[in-house]
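Trainee: I would like to learn how to read the places where chains meet, and then how to read single residues. Could we go through a case together?

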Amino acid sequence: MLKRLVVVVSMFVLAACGSSSAPAETELTVFAAASLTGTFTELGKRFEAANPGTKVTFNFGSSATLAQQITQGAPAGVFAAASPATMKTVADAGLAGTPTVFVKNKLEIAVPPDNPAKVENLKDLTDPEVKVALCAEQVPCGAAAVKALDAAGLKVTPVTLEQDVKATLTKVELGEVDAALVYRTDVIASAGKVTGIPFPEADQAVNDYPIATLKDASPLARRFVDLVLSKQGEDVLTKAGFEAP
Amino acid sequence: MRSRVPWLLVVPAVLGMAFLVLPLAGLLVRAPWSTLPQRLSEPQVLEALRLSLVTASVATAVCLVLGVPLAWLLARTDFPGRRLLRALVTVPLVLPPVVGGVALLLVLGRRGLVGQWLESVSGFSLPFTTAGVVVAEAFVAMPFLVIAVEGALRAADVRYEEAAATLGASRFTVFRRVTLPLVAPGVLAGAVLCWARALGEFGATITFAGNFPGRTQTMPLAVYLALETEPEAAIVLSLVLLAVSVFILVALRDRWVGAAA
Amino acid sequence: MTLRARIVVRRPAFRLDLDLTVGRGEVVTLLGPNGAGKTTALRALAGLIPLTEGSIELDGVRIEREPAERRPVGVVFQDYLLFPHLSALDNVAFGPRCQGRSKAEARSLARELLDRMGLAEFSSVRPRRLSGGQAQRVALARALAVEPRLLLLDEPLAALDAHTRLEIRSELRRRLTGFDGATVLVTHDPLDAMVLADRLVVVENGAVVQEGTPAEIARRPRTDYVARLVGLNLFRGEGDGDRVRVGDLVFAAEERVSGPAFVAFAPGAVALYRTRPDGSPRNLWEGRIDGIERHGDHIRVHVDGPVPVAADVTPAAVAELDLTPGRRIWVSVKATETHAYPA
């Protein structure tokens, strides 16, 4: 009985060693904010093409969730966050290298293509007849919305505070709300299902996206960050609606 | 003397128990006990808790009113397509709740098939209202009730219903005065499952009813958003939800058991 | 006539077809082996299963198309099926309530019925706390509470143990006598049938095989089943005056009969001998002992031969004659206890 247990345990140990050591040089895991899904997938493909034999795996999600996963020991090489605050959580835990802001993202007013409430500017959102969706303040797009509205001195009572920007956008796409504040990148990604209306106060609430390599990452991580920061990276990102820092 | 309990059952049972209880213990260990009272007294927490209890209870009532007759229909009548209907009833069980929420929007939303008409007639639209929370919770939780009650109905002895019929009871009277009391334990079990599921409902609620404190922000939504910025607050909220639901279920159980004895 | 019915129920591999008439205050018992269709007939009368064909007329009104809840019929089910969640009183009050009486009215009626059944002090008791006999009386009270014109009882004594059964049986007989509508009772127990019935209807394989008063049927069974039930030896033969020829045997009987005839005699009328007794060769033959069993305070011996018979002898006779299975033995039947009647 005991002998069999020893055999089983040693098999586990061997299996564990095998998986952690060998492929470290060719595989890279990138944790990135959900709003980077399209652009980073594109950049990942280019990276793999430029570095034959490598494989980039992405984990897209809410920046806060990703930060928490990283501090709980999730194996990642690169972290690209949608807000400096979430990056700070990881940096404070001593898990990230020096972060670099690689893009900025600006808010726009998103309305259904037929714009039923005839929204033209930020002030129109204060009309109680207009149903507005905002992101919850706890997530970056919500924090940015609050900042922009404060800068404009406006008070908007939304019907809902959504858990992320995609959910906010969905409410507009389905016509459940008349308007929402989302990122310009999301408006572009929606491919015509919503119309974006830029507004000047958005400049007061620009969202910085920092990127950093993580502790004990392989040299591949640095090379991926370099690609994101390169001219080629900037082209992909600006095409999607991001602004260069 | 009782025979020995077989290890082949005990070992997986203990593992299963540990699997269910350990994450709970994790929450308890990591809870910020020192700041607990202060966090609990935040009005938002109480508001979310109140909203959760109210909507879950109303949703359970809705499920009882609609689900018990549905279970009866499935268990006691035979009509073409009954098997298909039975399968459809369980769809919300396998549907990711977020998808369920989108589906509800497509039907009951402002531009939905029914919602559009509802709004033009009454000017009322379900999304982003407390009623919307109840609808989302009932949608996700009702299958639990229907399946439990249908099982109880199938297990019940139909001869009692025949006896009632020979005493002059109409089919509805039979249902109300004989069938329902006979399957009461099954209905209660179903209602408890239904209530618990409604209380923990997240995906369909946030998708269909949105998230607004005091109106549609139930505890699970508050927990999720707290997780974004303050994981500790999320743990506190989860514990509150847990404690309150366990307390209520135990209290109800004692009352039922007390009433039955 | 109160009840006049022709009940036809067809199922795959089974067909029930029987005519039934029951007079006012008469108790008719359907007697037959399991699977004969007795309970099916009862359920059809109650309206719990539809007739394939036929009609049910109660007090001159056709009711076969009425649903169960609209028939003036009361049923005492096998196992009684008292509602477990209601007190004895509310079980009895259930029917009157369904008939539209007020709660108070229904309850006072129920109290009266329970009182008449001697169950006044049990009215608030739940069914599971009642003894078998008490439950049966509550079930009877419940069935009578709807003031039925037809009372149906399905194996009303089957759920009782042998001890209480005896007492309850005669009590039930007394209570049924007090009911002025038609009563149809189903049983597979011959003793229950004999005690409870004014008239017996023997059902085998979905059809009536014999009908008559318990005494008539006990005396003159017409099928092996009935003969076994009433404990008689029964043979079919050819009558010729005071004799009946059954195969090679000739029976002398009390009655004169000619043409196809039955011969019946009780096992107690059979005598066994080690050697051929002197006297008449009638009612006498040689056979071989097939089996021996205890039967009450005497011993029943089964003898195979030209005809198979059962004989009841005393334990002393068994020892004296050294009766053992396989032994050859002479069988004789007293002519005075041998009955013959037309087949």
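Trainee: Which side chain meets that of Arg111(B) in a salt bridge?

Mentor: Please bear in mind throughout that this is a predicted model. The partner is Asp114(A), whose side chain meets that of Arg111(B) with an N to O distance of 3.3 Å. Between chain A and chain B the count is two salt bridges, and there are also 10 residue pairs in polar contact, both residues being at pLDDT 80 or more. On the side of chain A that touches chain B, the elements giving two or more residues are α3 (63-71) and β7 (160-162) of chain A, and the residues of that side divide into 10 nonpolar, eight polar and six charged.

Trainee: How many residues does each chain bring to this contact, and what area is buried between chain A and chain B?

Mentor: The size of an interface is often given as the accessible area lost when the parts come together. Here the contact takes 24 residues from chain A and 21 residues from chain B, and the buried area is about 2100 Å², with 52% given by carbon and sulfur atoms. Within chain A, the residues that lose the most area to chain B are Gln138(A), Gln163(A) and Glu176(A), which together account for 29% of what that side buries.

Trainee: Which of the pairs of chains that touch has the most contacts, and how far apart are the closest C-alpha atoms of chain A and chain C?

Mentor: Two pairs of chains touch, and the most contacts are between chains A and B. Chain A and chain C are joined by no contact, their closest C-alpha atoms lying 49 Å apart.

Trainee: What, then, does the interface of chain B and chain C bury?

Mentor: Chain B and chain C bury about 1800 Å² between them, of which 66% is on carbon and sulfur atoms, and 16 residues of chain B are in contact with 22 residues of chain C. On the chain B side, Thr166(B), Leu167(B) and Arg177(B) lose the most area to chain C, together 40% of what that side buries. Two salt bridges are found across this interface; one of them joins Glu162(B) with Arg43(C), where the closest N and O atoms are 2.8 Å apart. Helices α9 (158-166) and α10 (171-182) of chain B are the elements that give two or more residues to the side touching chain C, and α9(B) provides the largest share, seven residues.

Trainee: Turning to single residues, is Thr223(C) buried or exposed?

Mentor: Thr223(C) counts as buried because its relative accessibility is 16%, which falls under the 20% cut-off. Thr223(C) sits in the loop between α7 (214-219) and α8 (224-230) of chain C, and its side chain makes a polar contact of 2.9 Å with the side chain of Glu204(C). Leaving aside residues up to four places away in sequence, Thr223(C) touches Glu204(C), Val209(C), Gln210(C) and Leu234(C).

Trainee: Where does Met194(C) lie, and what is its relative accessible area?

Mentor: Met194(C) belongs to helix α6 (residues 190-196) of chain C, and with a relative accessible area of 24% it is partly exposed. Sequence separation and spatial separation should be read side by side: Met194(C) and Thr29(C) are 165 residues apart in sequence, while their C-alpha atoms are 8.7 Å apart in space. Beyond residues up to four places away in sequence, Met194(C) touches Leu200(C), Pro214(C), Ala218(C) and Val230(C).

Key: Residues are numbered from 1 along each chain as its sequence is written. Chains are lettered from A and ligands numbered from 1 in the order in which they are written. This is a predicted model: local features need pLDDT of at least 70, side-chain atom pairs count only at pLDDT 80 or more; totals for chains, interfaces and linings use all residues. Side-chain values use heavy atoms; hydrogens and water are left out. Contact means heavy atoms within 4.5 Å. Buried area is the accessible area (1.4 Å probe) that two parts lose on being put together, summed over both. A salt bridge is a side-chain nitrogen of Lys or Arg within 4 Å of a carboxyl oxygen of Asp or Glu. A polar contact is a pair of N or O atoms within 3.5 Å; within protein, one must be able to donate a hydrogen and the other to accept it, and residues adjacent in sequence count only if both atoms are side-chain atoms. Helices (H or I, at least four residues) and strands (E, at least two) are DSSP runs, numbered from the N terminus. Ala, Val, Leu, Ile, Met, Phe, Trp, Tyr, Cys and Pro count as nonpolar, Asp, Glu, Lys and Arg as charged, and the others, Gly among them, as polar. Buried means under 20% relative accessible area, exposed over 50%, partly exposed in between (1.4 Å probe, protein chains only).
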